[in-house]
Amino acid sequence: MDDRFDRFLRNVGKKYAEARQSADHQLSQAKEAYRNAHDTVLADLPRDEHGRAKIVCRRHVDKRATPIDKEGRPKCFDSDHPACRGCLEDIREGTVETW
């Protein structure tokens, strides 16, 4: 009886390790895909001669060239303003108005 129980536990442990390894691999692939997509969206923004993104500000409704940080936020971003939050969403989705 002990021998069967030991085999059962080893089998369960092996299956758990395989499932965990598969989940870790899938998670790392998803993270890499997100980073690649994020970088592509930011890279697709038109830039001026100084490397600043040329976007249309939703808050002030004007054209501006502004640096974009690694999180996709323009330097003028104000987290308390709804127009700025909408602009950030548009940048991340690749739908921000540019010039």
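**Architecture and residue environments of the predicted chain**

Lys 63 lies in strand E2 of this predicted model. With a relative accessibility of 59%, above the 50% cut-off, Lys 63 counts as exposed. When residues up to four places away in sequence are disregarded, Lys 63 touches Ile 55, Val 56 and Trp 99. A C-alpha to C-alpha distance of 60 Å separates Lys 63 from Val 12, and the two residues are 51 positions apart in sequence.

A second residue of interest in strand E2, which comprises residues 62–66, is Thr 66. Thr 66 has a relative accessible area of 5% and is therefore buried, the threshold being under 20%. The side chain of Thr 66 reaches the backbone nitrogen of Lys 75 at a distance of 3.2 Å. Lys 75 also appears among the contacts of Thr 66 beyond four places in sequence, together with Arg 52, Ala 53, Ile 55, Pro 74 and Cys 76. Ile 55 is thus listed as a contact both of Thr 66 and of Lys 63.

The partner of E2 is strand E1, formed by residues 53–57; the two strands run antiparallel and are joined by five bridges. One of the pairings places Cys 57 opposite Asp 62 of E2 as its bridge partner. E1 and E2 make up a hairpin in which four residues lie between the strands. Five of the five residues of E1 are buried, so this strand is largely enclosed by the rest of the structure. In general terms, side chains in a regular strand alternate between the two faces of the sheet.

The turn of the hairpin contains Val 61, located in the loop between E1 and E2. Val 61 is not a glycine, yet its phi is positive, at about 50°. The relative accessibility of Val 61 is 67%, so this residue counts as exposed. On the other side of E1, Gly 51 is found in the loop that connects helix H1 (2–43) to this strand. Gly 51 is partly exposed, at 36% relative accessibility. The C-alpha atom of Gly 51 is separated by 8.7 Å from that of Ala 65, with their positions 14 residues apart along the chain.

Helix H2 spans residues 82–93, and these twelve residues should extend over 16 Å at 1.5 Å a residue; the end C-alpha atoms are 16 Å apart, in agreement with this expectation. The buried residues of H2 are Ala 83, Cys 84, Gly 86, Cys 87, Leu 88, Asp 90 and Ile 91. An α-helix has 3.6 residues a turn, so residues three or four places apart point the same way. H2 is followed by Gly 94, for which phi is positive and near 80°.

The segment after H2 includes Val 96. Val 96 has a relative accessible area of 10% and is consequently buried. Beyond four places in sequence, Val 96 is in contact with Leu 45, Ile 55, Cys 87, Asp 90 and Ile 91. Of these contacts, Cys 87, Asp 90 and Ile 91 are listed among the buried residues of H2, and Ile 55 falls within the residue range of E1. The C-alpha atoms of Val 96 and Cys 57 are separated by 9.1 Å, although the two residues are 39 positions apart along the chain.

At the level of the whole chain, two helices and two strands are present, and their order from the N terminus is α-β-β-α. The radius of gyration is 23 Å, well over the 13 Å given by the globule rule for 99 residues, so the chain is more spread out than a compact globule. Taken along the principal axes, the C-alpha atoms fill a box of roughly 80 × 30 × 20 Å. Of the 99 residues, 21% are buried. Among contacts with a separation of 6 or more, 41% involve residues 24 or more positions apart. The exposed area of the chain is about 7,600 Å², of which carbon and sulfur atoms supply 50%.

How values were computed: Residues numbered from 1 in each chain as written. Predicted model: local features only at pLDDT ≥ 70, side-chain atom pairs only at ≥ 80, totals over all residues. Heavy atoms only, no water. Buried < 20%, exposed > 50% of the residue type's maximum accessible area, 1.4 Å probe, protein only. Polar contact = N/O pair within 3.5 Å; in protein donor to acceptor, adjacent residues only side chain to side chain. Contact = heavy atoms within 4.5 Å. Pairing = 2+ DSSP bridges. Rg over C-alpha atoms; globule rule 2.2 N^0.38 Å. Areas by Shrake-Rupley, 256 points an atom, 1.4 Å probe, with all protein chains shown as cover. Expected span 1.5 Å × (residues − 1).
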